[in-house]
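Me: I'd like to go through this one with you, a bit at a time. Can you take my questions as they come?

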Amino acid sequence: MTPSSSWAHRTDEIAAALGVDAVRLVPVPAGASREAYRVETPAGAGIAFLRADPATGGVMDGSEMTLAREAEVLRRVRACGLPVPAVLATLSDPAGTLLELVPGTSRPDPAAVEQAAPEYMALLSRLHRLDPVDLGVAASSITAALRSDLDWWRERAATTGTLDRPLIRLALRILADGLPDDPAPAGPVHGDAGPGNLMIHEGRVVALLDWELFHAGDPHEDLAWIWMRGAHTDFGDFTIRVAEYEAAADVVVDPGRLDWHAAFVMAKSVISLWAGITAARPGADVLGPLVAALAYDALLGSALVRLRGGALRLLADPADPADPAEVRLVDQLAARLGETDRTTAAILDHLRRQLALEPWRTIHLAADVATRLPADPADPGGLAGLAARVDGADATELTALATVLGAAADRAVRSQPRAERLIHRAQRNGLGV
C-alpha cells in the first residue's frame, strides 16, 4: 500500500508540524470514512498517527462529522481524564489530524481481550457519567437526543441516495415509530464503541479511538455497537461484557432498549457502507465493503423483525442455486482471463454465485410479497416497489415488510461466504437468531 497522492505530497508539511526534518507515511487499515497512516522518521521510527480525509471526499464528506470536530472532542475527553491520544496538530485541505502514536494493538488476542475488557467497560461507564456540556454537546433528554440523531441519519441517507434502499427506509420508519420515551438527561456516548476502536497494551486499555461519531444520547447505544462489532472483531461473550458494564456503572441494562439500539447502529452502518459503495471512484475496491454491507443488511433485517415482535433466524434455509446462461458468461470471462490475482478471483466468484442464486431469490421474494402483503396496483414490483410502500404502511404492513425485506436480505447474503461467516460470528453472540 502507498499513500494517496493528496497525502504523499504533504510530508514536508507534516514534518514541520511535528518539528522534525522529514517523515514518511505508511498506510494502515482504516474505516470506510477516512484514511489512516503511521507517521515515521526516514529510519522507520514511529512518531505519530495521521487520520486523514481523502482528497476526493469520503463517506462523511459534507457532514458536520469533521476531523476538526473530532480533534476538539479528543481534547475535551482527554481533559476529563479518559485515555485518548493527544492531538499533536491539525491540517487542512484536505483535513488531517496528527495524533500521539499509542503503543499496543487494536486487534488483541482472546486472552488479552478477557484481561482488558472489564477495564474498557468501566471506562465506558465513566464516559457516560460525564456532563455532555463539558464535552461540547448540548444537554437534552434521551428521547430528544435520539430523535435528533435519527433525523440526522435520515438526512444522511437522503443526501447519499441510500434512503431509496427499501431496507434502510423501513429501518428508519420502524425506529422512528418505536423511539424510546425517556425524559432522563442524555449522556455522552462514543458512538462507535467496541473492538477495533481501542488500543490494548500489556493487558491494559491505553487509548479509546475514533471519536468522529461522538454525541449525546443513550448509553445503551455504545453497548449495541460492541454487540454488533463483535461480528467482525472478537470481543468475547457479549453477555459477560454487559455484566461488566452493569457492575461498573451500577445500572441494569434494558434488553428492549438494547434491541432498539442494535437495529439503529446496524442502520447507521449500512447507510455508511452503501453510501461508500455508491460514491466509490471507478476501479476502487468495493468487494470488501460489499461483504460487510450484505452481512449487516441481513442482521438489520433480523433486528427489525425482532422489534416488530417476530423472529428471523438467518442462514436457516438452504439456498437453491440454478445454472442460468449468465453464469456461463462469467465462466467464459474467467477462462479468457486465465490465472488471476486473489481479488479478481473473488470478484468472479461473487458474480457467479450472485447470478446462480438470482432465480431463487426472485421466486421467493414474489411468494413472500403475495403471501404477506396486500396487493398494490401502483407497486412496480420487486424490491424497488417495496420501498415506495414503507412511508404509508400501517402497523400490520410494517411488520409484514420487515419479514419480507429481512428474508430478502438473508437470501442476498448467500452469494458471499465471507458475509455468511460474519453472520455466524454474530449469531454466537445472539444477533440474527
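**Salt bridges, a helix and a strand**

Reply: Sure, starting with a charged pair: Arg328 and Asp323 form a salt bridge, with 2.4 Å between the closest N and O atoms. Keep in mind that this is a predicted model.

Me: Is Asp323 buried, partly exposed or exposed?
Reply: Its relative accessible area comes to 44%. Buried would need under 20% and exposed over 50%. So Asp323 is partly exposed.

Me: Which residues are joined into one network by salt bridges that share partners?
Reply: Here the salt bridges have partners in common, so to speak, and link up. The network is made of Arg34, Arg51, Asp53, Glu70, Asp210 and Glu212.

Me: How many salt bridges does a search of the whole structure find?
Reply: The cut-off is a side-chain nitrogen of Lys or Arg within 4 Å of a carboxyl oxygen of Asp or Glu. Searching the whole structure that way gives 31.

Me: Where do Arg75 and Glu72 lie, and which residue does Arg75 meet in a salt bridge?
Reply: Both residues sit in helix α3 (residues 67-79), three residues apart, or about one turn of the helix. Residues three or four places apart point the same way because an α-helix has 3.6 residues a turn. The N to O distance is 3.8 Å, and the partner of Arg75 is Glu72.

Me: What are the relative accessibilities of Arg75 and Glu72?
Reply: Arg75 counts as partly exposed, at 39%. Glu72 is partly exposed as well, and its value is 35%.

Me: Arg241 and Glu244 both lie in helix α8; what is the N to O distance of their salt bridge?
Reply: In α8 (residues 238-249) the two are three residues apart, about one turn of the helix. Both Arg241 and Glu244 are buried. Their side chains meet with an N to O distance of 2.8 Å.

Me: Which residues is Glu244 in contact with, leaving aside its neighbours within four places in sequence?
Reply: Glu244 has a relative accessible area of 17%, so it counts as buried. Contact here means heavy atoms within 4.5 Å. With the sequence neighbours set aside, the contacts of Glu244 are Ala117, Pro118 and Met121.

Me: How far apart are the end C-alpha atoms of helix α5?
Reply: Helix α5 covers residues 142-160, which makes 19 residues. At 1.5 Å a residue, the expected span is 27 Å. The model agrees, because the end C-alpha atoms are apart by 27 Å.

Me: What covers the buried residues of α5?
Reply: The buried residues of α5 include Ile142, Leu146, Leu150, Trp152, Trp153 and Arg156. Among the elements covering them are α6 (166-177), β9 (215-217), α7 (220-229) and α9 (255-279).

Me: Which residue just after α5 takes a positive phi?
Reply: The phi in question is about 85 degrees. The residue is Gly161.

Me: Which residues of strand β5 point the other way from Gly96 and Leu98?
Reply: Strand β5 runs over residues 96-99, and its four named residues are all buried. Gly96 and Leu98 point one way, and the other way go Thr97 and Leu99.

Me: Which residue stands opposite Leu98 in β5?
Reply: Strand β3 (residues 46-52) pairs with β5 in the antiparallel sense, over four bridges. Opposite Leu98 stands Leu50.

Me: Which residue takes a positive phi in the hairpin of β4 and β5?
Reply: Strand β4 (residues 87-91) runs antiparallel to β5, joined by four bridges, and Leu91 stands opposite Gly96. Four residues lie between the strands, and the one with a positive phi, near 55 degrees, is Asp93.

Technical notes
Residues numbered from 1 in each chain as written. Predicted model: local features only at pLDDT ≥ 70, side-chain atom pairs only at ≥ 80, totals over all residues. Heavy atoms only, no water. Expected span 1.5 Å × (residues − 1). Buried < 20%, exposed > 50% of the residue type's maximum accessible area, 1.4 Å probe, protein only. Pairing = 2+ DSSP bridges.
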